[in-house]
Amino acid sequence: MPRVAGGEPWPPAGIVPAIATTAQDTTAQDATASVTDTTAPATAASSLVTDAAHDAADTAREVETSRDVDVAVSAAPARVSVLGDPSVPLPAPRTVWNGSAPRHITADTTATTGRPRPAWTQAIAVLLGAAALGILAAAAVAFVRALLSFPFMQDFLAAFPGEYTPAIAVEPGFAPWVNWAHFFNAFLIALIIRSGLRIRNEKRPTAFWTPRNNPKGKVSLTIWFHQALDILWLLNGAVFVVLLFVTGHWVRIVPTSWEVLPNALSAALQYVSFDWPTEHGWVNYNSLQQLAYFVTVFIAAPLAAATGFRMSGMWPKRAERLSKAYPIEWARALHFPVMIYFVVFIIGHVALVFLTGFLRNLNHMYASSDAVGWTGFWVFVASMAVIALGWAAARPLVIAPIAKLFGSVSGR
C-alpha cells in the first residue's frame with residue numbers, strides 16, 4: 001500500500017470502504033441511466049455523448065497527473081475504477097521533495113562560496129585610507145608648527161620645555177633587573193596578545209584542559225595558556241614594582257608635581273611638530289613619557305588583570321553580591337579595549353625608540369649603558385628572535401605537554 005510523508009498509508013483504512021461504497025453506488029447509477037437512455041429521445045442520447053466526452057477528458061487529465069508522480073495508472077477504465085481500487089493512490093500532485101537533485105542549478109553560487117571582495121577594490125580602499133591619514137598627519141604637523149611660531153607659544157615652551165626636575169633625587173641609569181624585566185614583559189605581552197586574539201576568534205577549540213581537583217573547571221587549552229601567561233606577567237610586574245619602590249626609581253615614572261601636565265602638553269606639541277624635545281632618558285624621562293609609563297604600569301595593567309580575573313574560572317561562583325557589584329559584562333566591555341591600548345602603546349614606544357637615537361636607547365634597555373654602541377642592538381635582535389620563536393611555538397602541539405603538568409588535556 002502506498003505511503004505518504006510521515007509513514008501513514010494512503011488511503012487511510014477508514015476511507016477505503018467509503019470509496020468502495022461510492023464506487024458501487026456510482027456503478028448502479030450508471031446502469032440505471034443506461035436502461036433509461038434506451039427509451040430516451042435522440043436529444044438525450046446526444047447529451048450522453050457530450051457527457052461521455054467530458055468524462056473521457058477528465059480521465060485523460062487524471063492519467064496525465066498520475067504520470068507526473070511516477071505511478072502507473074491505466075487509462076482504460078473510467079474514473080470509477082481509479083477511485084474504487086484501494087491499491088491505486090488518488091491522483092494528486094506531489095507536495096514532498098522526492099530527494100533528487102535538480103538538473104540545472106539556477107541559484108547564485110557566488111553567495112555560497114564565501115569569497116571576499118575582489119583584491120583590487122581592497123587595495124584601492126587601503127591606498128585611499130593611507131592617503132587620507134597622510135593628508136591629516138601633514139595638516140596636523142603644519143598646523144602645530146604654525147601654532148608654535150606665535151610669541152605666546154614660544155613663551156609657553158620656554159616655561160615648560162617638556163620635563164621638570166623631580167622632587168626626589170634618583171640615581172641615573174638602569175640596573176640589570178630593569179633590562180630583564182623589560183625583556184620578559186615584552187615576551188609575555190606578545191604571547192598574551194596572540195592567545196587573546198585566538199580566544200576571541202576561536203569557535204571550536206581543538207583541545208581542552210581540566211584541573212586535577214576540579215573536573216567542572218574544564219576550559220579550552222587556549223584559555224589555559226592565556227591565563228598561565230597572565231599569571232607570569234603579573235608576577236613579573238609585581239617584582240618590577242617592588243624593586244622600583246625599593247631602589248627609589250619609582251620617581252622616574254610616577255609624577256611628583258602638577259607641572260607634569262603642561263610639560264606633557266609641551267612635549268606632545270614638540271613631537272607633532274617634528275622639532276622633538278631633547279632625550280634625557282638615562283637621567284629623567286620627559287613628562288609625556290612619564291605619564292605614558294605611569295598609565296601603563298599603574299592603571300592599564302591592573303585594569304587588564306581585574307577584568308581578566310572577572311572573566312576567568314578563578315572568579316568565585318558563590319560570591320553573588322560581589323558578582324552583582326562587578327558584573328561580568330563590564331569586564332568584557334573593558335578587557336579588549338585595554339589590549340588595544342597596549343598594542344598602541346607598544347607601536348608608539350618602539351617607533352620613538354628608533355626615531356630618537358635607537359643605538360643609545362637600545363643600550364639603555366638591553367645593555368645598561370649610556371654609550372652609543374651596537375651591544376644593545378644585537379641583544380635586542382636576539383630578544384626579538386626569542387619572541388618570534390615563542391609566537392610560532394604557541395600552538396596546541398607545544399602547549400599540551402606543558403599543560404599536562406598542571407592538569408589533564410583532552411581532545412574535542
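The legends below accompany close-up views of a predicted model of one protein chain.

**Figure 1. Overview of the predicted chain and its secondary structure elements.** The protein chain contains 14 helices and 3 strands, and of its 412 residues 27% are buried. Its accessible surface amounts to about 26,500 Å², with 68% of that area belonging to carbon and sulfur atoms. When contacts between residues at least 6 apart in sequence are considered, 68% of them join residues at least 24 apart. The structure holds 2 salt bridges, which are taken up in the legends to Figures 4 and 5.

**Figure 2. The buried face of helix H13 and the helices it packs against.** Helix H13 covers residues 375-393, and its 19 residues should span 27 Å at 1.5 Å a residue, which agrees with the 27 Å that separate its end C-alpha atoms. Its buried residues are Gly376, Phe377, Phe380, Ser383, Ile387 and Gly390. Seen down the axis of H13, these buried residues fall within an arc of 135°, so they line one face of the helix. The spacing can be read against the general geometry: an α-helix has 3.6 residues a turn, so residues three or four places apart point the same way. The buried residues of H13 pack against helix H6 (176-201), helix H11 (328-355) and helix H12 (358-366), whereas Thr375, Trp378 and Leu389 are exposed on the other side of H13.

**Figure 3. A nonpolar patch on the surface, with Phe309 among its members.** The patch is formed by Ile231, Leu232, Leu235, Phe309 and Met314, which together have about 460 Å² of accessible area. Helix H7, residues 221-247, gives the most to this patch, with 3 residues. Phenylalanine 309 is placed in helix H9, residues 287-311, and with a relative accessible area of 35% phenylalanine 309 is partly exposed, because the partly exposed class lies between the limits of 20% and 50%.

**Figure 4. The salt bridge between Arg360 and Asp370.** The side chains of aspartate 370 and arginine 360 meet in a salt bridge, at 3.8 Å from N to O. This pair links distant parts of the chain, since arginine 360 belongs to helix H12 and aspartate 370 to the loop between H12 and H13, 10 residues apart. Both partners are partly exposed, aspartate 370 at 32% relative accessibility and arginine 360 at 39%.

**Figure 5. The salt bridge between Arg198 and Glu202.** Arginine 198 forms a salt bridge with glutamate 202, and the closest N and O atoms of the pair are 3.9 Å apart. The distance qualifies because the cut-off for a salt bridge is set at 4 Å. Arginine 198 is partly exposed, with a relative accessible area of 36%.

**Figure 6. Surroundings of the buried residue Ser220 in strand E2.** Serine 220 has its place in strand E2, which consists of residues 219-220, and at 6% relative accessibility serine 220 counts as buried. Leaving aside residues up to four places away in sequence, serine 220 touches Glu202, Pro205, Ala207, Phe208 and Trp209. Glutamate 202 in this list is also the salt-bridge partner of arginine 198.

**Figure 7. Val178 and Ser368, separated by 190 residues in sequence.** The C-alpha atoms of valine 178 and serine 368 lie 8.6 Å apart in space, although the two residues are 190 apart in sequence. Valine 178 lies in helix H6 and counts as buried at 18% relative accessibility, a class that applies because the value falls under 20%. Serine 368 lies in the loop between H12 and H13 and is partly exposed, with a relative accessible area of 24%.

**Figure 8. Positive phi angles at Phe274 and Ser368.** Most residues other than glycine have a negative phi. Phenylalanine 274, which is not a glycine, nevertheless has a positive phi of about 65°; serine 368, likewise not a glycine, has a positive phi of about 55°. Phenylalanine 274 is found in the loop between helix H8 (260-272) and H9, where phenylalanine 274 is exposed, with a relative accessible area of 57%. Serine 368 is in the loop between H12 and H13, the loop that also holds aspartate 370.

Notes:
Residues are numbered from 1 along each chain as its sequence is written. This is a predicted model: local features need pLDDT of at least 70, side-chain atom pairs count only at pLDDT 80 or more; totals for chains, interfaces and linings use all residues. Side-chain values use heavy atoms; hydrogens and water are left out. Patches are made of residues with over 30% relative accessible area and no salt bridge: like charges are joined within 9 Å, nonpolar side chains (Val, Leu, Ile, Met, Phe, Trp, Tyr) within 5 Å. Accessible areas come from the Shrake-Rupley method with a 1.4 Å probe; for residues, only the protein chains shown count as cover. Helices (H or I, at least four residues) and strands (E, at least two) are DSSP runs, numbered from the N terminus. Buried means under 20% relative accessible area, exposed over 50%, partly exposed in between (1.4 Å probe, protein chains only). The expected span of a helix is 1.5 Å times one less than its number of residues. The arc is that of the directions from the helix axis to the C-beta atoms. Contact means heavy atoms within 4.5 Å.
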